[in-house]
Number of protein chains: 2
Amino acid sequence: MTAYTPGQAAEETGFSLDTLRYYERIGLLEPIERNAVGQRRFSDGDIGWLGMIRCLRDTGMPIAEMLRFAELTRAGEHTISDRIALLAAHDQAVEDKIADLRRQQGAIQHKIQFYRDVLAIPDGLCERQDEPAS
Amino acid sequence: MTAYTPGQAAEETGFSLDTLRYYERIGLLEPIERNAVGQRRFSDGDIGWLGMIRCLRDTGMPIAEMLRFAELTRAGEHTISDRIALLAAHDQAVEDKIADLRRQQGAIQHKIQFYRDVLAIPDGLCERQDEPAS
DNA sequence: GTGGCACGTGGAGCGTGCTCCAGGTCAAGC
DNA sequence: GCTTGACCTGGAGCACGCTCCACGTGCCAC
């Protein structure tokens with residue numbers, strides 16, 4: 001079982017030192033172990049949990065909901081179905097978000113093509129270009 | 001050519017009245033036409049532009065970059081290739097974001113499956129469940 | 001023993017993107 | 001003529017998620 005200094009934990013997880021302290025402060029991390037002089041020593045478990053946090057965060061889960069997940073996790077095995085529900089809802093939210101992004105991306109690509117077409121028109125032939133609605 | 005009251009424009013575009021005024025204030029919209037008593041009347045062109053804004057906003061473009069796009073658009077046709085470049089870069093950013101979401105979604109689904117497996121283990125057979133790294 | 005460095009704490013501050021508020025104008029309806 | 005409602009303005013305030021700061025400790029190298 002490795003112990004990570006704050007610097008190593010930051011390196012490993014990609015969170016800044018301040019963010020790690022912040023997450024501990026708000027209870028997203030449970031209190032991190034300390035060495036003799038009071039400095040944090042992150043465990044493998046902490047690093048793993050931070051991986052989960054990063055995953056949830058990067059998929060757009062707000063901190064409040066991550067906190068709820070953290071609390072469920074701490075509360076023990078009887079909360080597993082709640083955790084499944086929470087994650088499944090989030091999974092669906094991510095699915096929806098991706099579908100939305102794809103849709104909007106289509107509009108952007110359409111617009112790019114519109115501009116390309118405008119550029120392709122020889123100068124004299126171009127009376128007046130009005131932009132389409134979106 | 002229809003004219004939209006602020007309320008209608010909000011309805012049509014999904015932006016709040018305050019947001020519409022805010023966008024005009026910061027220059028994301030050019031100054032909206034006013035009627036005799038100083039109330040805004042949005043044109044079809046405004047509504048179309050707001051559709052573009054919504055599309056860019058919802059795909060995560062920061063306001064500063066939308067402002068740049070707005071300025072290019074106002075500057076005239078000689079900026080079209082710049083606009084293409086801007087939109088193409090954003091299109092790529094959206095593509096990357098989607099790929100990222102898919103990757104992280106995989107991890108979430110993996111975790112859900114892990115929890116489902118835990119639930120499937122009959123009570124006595126379960127010595128101790130440690131969570132995987134993520 | 002002096003620097004430099006990695007860490008600690010509590011609390012303030014910040015960037016983004018709105019959102020709200022007080023106080024006022026006009027038009028329409030009762 | 002009074003209320004209601006949609007709008008106006010300038011400016012303050014807010015939610016979120018960090019990020020920075022001042023000041024202090026302990027350890028190691030020179």
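Helix α2(B) gives the most to the surface near DNA strand C, with three residues. Helices here are DSSP runs (H or I, at least four residues), numbered from the N terminus. A residue counts as near a strand if its C-beta atom, placed from the backbone, lies within 6 Å of it.

This is a predicted model, in which local features need pLDDT of at least 70, side-chain atom pairs count only at pLDDT 80 or more, and totals for chains, interfaces and linings use all residues. Residues are numbered from 1 along each chain as its sequence is written, while chains are lettered from A and ligands numbered from 1 in the order in which they are written.

**The DNA strands**

Around DNA strand C there are 15 residues, and Thr5(A), Gly7(A), Arg40(A), Pro62(B) and Ile63(B) come nearest. Two or more residues of that surface come from each of α1 (6-13) of chain A and α2 (17-26) of chain B.

Now for DNA strand D: 15 residues surround it, and the closest are Pro62(A), Ile63(A), Thr5(B), Gly7(B) and Arg40(B). Here α2 (17-26) of chain A and α1 of chain B each supply at least two residues, and α2(A) gives the most, with three residues.

The table sorts residues by class: Ala, Val, Leu, Ile, Met, Phe, Trp, Tyr, Cys and Pro are nonpolar, Asp, Glu, Lys and Arg are charged, and the others, Gly among them, are polar.

| Surface | Nonpolar | Polar | Charged |
|---|---|---|---|
| Near DNA strand C | five residues | six residues | four residues |
| Near DNA strand D | five residues | six residues | four residues |

**Where the chains meet**

Chain B and chain A each put 36 residues into their contact, where two residues are in contact if their C-beta atoms, placed from the backbone, lie within 7 Å. On the chain B side, α3 and α5 (80-120) are the elements that give two or more residues. Helix α5(B) gives the most, with 25 residues. By class, the chain B side has 16 nonpolar, ten polar and ten charged residues.

**A helix pair in chain B**

The axes of α1 (residues 6-13) and α3 (residues 44-58) of chain B come within 10 Å and cross at roughly 40°. That crossing makes α1(B) oblique to α3(B). From α1(B), the contact uses Ala9(B), Glu12(B) and Thr13(B), and from α3(B) it uses Ile47(B), Leu50(B), Gly51(B) and Arg54(B). These split into three nonpolar, two polar and two charged residues.

Axes are lines fitted to C-alpha atoms, for helices over the stretch in contact, with angles running from 0 to 180 degrees between N-to-C directions. Angles under 35 degrees count as roughly parallel, over 145 as roughly antiparallel, 65 to 115 as roughly perpendicular and the rest as oblique.
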